[in-house]
Amino acid sequence: PYCHRFAPILKAFTEHYGFTLLPITLDENILEEFPNSKHDEGQAQKFGVSMVPALFAVNPKNNQVVPIAYGLVSWDELKEQILLLRK
């Protein structure tokens, strides 16, 4: 249920700020907001995902992966977490 509630927030956020998103499903359910979701091929285990939804950022310069949020978070919380990355 948290993924279903988070999906519209995340979709609007990424569209507003122009972020590229690669949605990955762990349970084979494709959310309406992300019809191009990919099936998990070990990413969840690699990044230690133990709670969903989970959101990570990837630095395009060095491919470093950084966790942004776990669980249902608001637009403002997403913005705050991403701004913290710049510091």
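Which residues lie nearest the centre of the largest pocket? They are Leu 21, Leu 22, Ala 54, Leu 55 and Phe 56, out of 44 residues that line it.

A quick word on the ground rules. This is a predicted model, where local features need pLDDT of at least 70, side-chain atom pairs count only at pLDDT 80 or more, and totals for chains, interfaces and linings use all residues. Residues are numbered from 1 along each chain as its sequence is written, and side-chain values use heavy atoms, with hydrogens and water left out.

**The pocket**

About 1400 Å³ of space lies in the largest pocket. A pocket here is an open set of points on a 1 Å grid over the protein atoms alone, where a 1.4 Å probe fits, with protein on both sides within 12 Å along at least five of seven lines; lining residues have an atom within 4 Å of a point. The volume is the space filled by probe spheres set on the points, which are joined across faces, edges and corners.

Helix H1 (2-17) gives the lining its largest share, eight residues. Among the other elements that supply at least two residues each are strand E3 (54-58), strand E4 (65-70) and helix H3 (75-85). Helices (H or I, at least four residues) and strands (E, at least two) are DSSP runs, numbered from the N terminus. By type, the lining splits into 32 nonpolar, nine polar and three charged residues; Ala, Val, Leu, Ile, Met, Phe, Trp, Tyr, Cys and Pro count as nonpolar, Asp, Glu, Lys and Arg as charged, and the others, Gly among them, as polar.

**Buried or out in the open**

Phe 6 sits in helix H1. Why is Phe 6 called buried? Because its relative accessible area is 4%, and buried means under 20%, exposed over 50%, partly exposed in between (1.4 Å probe, protein chains only). Leu 26, in the loop between E1 (24-25) and E2 (38-39), is partly exposed at 46%. Asn 63 counts as exposed, with 57% relative accessibility.

**Backbone oddities**

Most residues other than glycine have a negative phi, and most peptide bonds are trans. These spots go the other way:

| Site | Place | Backbone value |
|---|---|---|
| Val 52 to Pro 53 | Pro 53 in the loop between H2 and E3 | cis, omega near -5° |
| Glu 28 | loop between E1 and E2 | phi near 75° |
| Asn 63 | loop between E3 and E4 | phi about 60° |
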